[in-house]
Amino acid sequence: MNTITPLSARQRWRLALKHSAPVAMGYIPAGIAFGVLMSAAGLPAWLALALSVILYSGAAQYASIPLLASGAGVLTLTLNALVINLRHIFYGLPLLPHLPLNKAERAYALFALTDESFSVLTTLPEALRQPLFSRIVFLNQLYWCAATLIGVGIGAGLNDLVPHLDFALACLFLILAYEQYQSKKVWWPCVLALLAFALAKVLTTQYLLLVAVGLCVLGIVLRAWWPGKGAHTHPDKGDAA
């Protein structure tokens, strides 16, 4: 790991703000859209904020809106969140050496590690990852929660004026996938995602996202076990998730 001059707390927060700013630009519209859609579904404001604080997973939160509105049970909601968030296991593994030393910070850092935070952290110099880890994930969740409250405050009316608000999160994922590819030059996750989505669409329409994510997880596991795979992986680049 590279060494740099120890950073003061103020410098760490300043750098965390700088590197998380692009995420804020994506989280604000996506979080507002989530809050608006929760209002449009007739769900209370406190529940929208609770999901952003406790669940904190854009895809799972969007997917939970119709389930909550239809009165789905706890088991269905839990299974939905579990399958969608399985990918976070693969995000955490390459960043384990860079987790904060403090136990409470480590626990929170793993909980709050989202697609966007992973993308930011993996593009940082290795020497900056541990000092900025918990701060970046905290700021990103703060952006998301603030945007959720703004969306709830705006109310359901915006959903009538701007249709297909739920596509905001898909746009954010697409941008992140492109930036990740530009940084890592690893193409296979994009191909895997497209193939998994195509196969899932053939198999089901009701559980399309759940099946697609499950197929992606299966593909990643099989690739990790594939003979000779590790011999061709550059140790610095790793595998983009």
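1. Tyr56 lies in the loop between H2 and H3. The model is a predicted one. In it, Tyr56 has a phi near 45 degrees, a positive value in a residue other than glycine. Tyr56 counts as buried because its relative accessibility is 2%, and the cut-off for buried is under 20%. Check this residue early when going through the backbone.

2. Ser57 is in the loop between helix H2 (45–55) and helix H3 (58–69). Is Ser57 buried or exposed? Its relative accessibility is 2%, so Ser57 counts as buried. The side chain of Ser57 has a polar partner: a polar contact of 2.6 Å joins it to the side chain of Asn85. Leaving aside residues up to four places away in sequence, Ser57 touches Asn85, Arg87 and His88. Asn85 therefore appears both in the contact list of Ser57 and in its side-chain polar contact.

3. Val137 belongs to helix H8, residues 126–154. At 0% relative accessibility, Val137 counts as buried, since the limit is under 20%. Which residues does Val137 touch, not counting those up to four places away in sequence? They are Tyr56, Tyr108, Ala109, Ala112, Leu113, Ser117 and Leu121. Tyr56, the loop residue with positive phi, is thus one of the contacts of Val137.

4. A further distance concerns Val137 and Phe111. These two are 26 residues apart along the chain. Their C-alpha atoms are separated by 9.1 Å. Phe111 falls at the end of helix H6 (103–111).

5. On the surface, Ile89, Leu93, Leu96 and Leu110 make a nonpolar patch of about 360 Å². Leu96 sits in the loop between helix H5 (87–95) and helix H6 (103–111). Why does Leu96 count as partly exposed? Its relative accessibility is 41%, and partly exposed covers the range between the 20% limit for buried and the 50% limit for exposed.

6. On confidence, the mean pLDDT of the protein is 81. A value of 70 or more is reached by 79% of the residues. Over residues 230–241 the pLDDT is below 50. This stretch still has 16 contacts in the model beyond near neighbours in sequence. Where pLDDT is low, predicted coordinates should not be read in detail.

Key
Residues are numbered from 1 along each chain as its sequence is written. This is a predicted model: local features need pLDDT of at least 70, side-chain atom pairs count only at pLDDT 80 or more; totals for chains, interfaces and linings use all residues. Side-chain values use heavy atoms; hydrogens and water are left out. pLDDT is the predictor's confidence in each residue, from 0 to 100. Contact means heavy atoms within 4.5 Å. Patches are made of residues with over 30% relative accessible area and no salt bridge: like charges are joined within 9 Å, nonpolar side chains (Val, Leu, Ile, Met, Phe, Trp, Tyr) within 5 Å. Accessible areas come from the Shrake-Rupley method with a 1.4 Å probe; for residues, only the protein chains shown count as cover. A salt bridge is a side-chain nitrogen of Lys or Arg within 4 Å of a carboxyl oxygen of Asp or Glu. Helices (H or I, at least four residues) and strands (E, at least two) are DSSP runs, numbered from the N terminus. Buried means under 20% relative accessible area, exposed over 50%, partly exposed in between (1.4 Å probe, protein chains only). A polar contact is a pair of N or O atoms within 3.5 Å; within protein, one must be able to donate a hydrogen and the other to accept it, and residues adjacent in sequence count only if both atoms are side-chain atoms.
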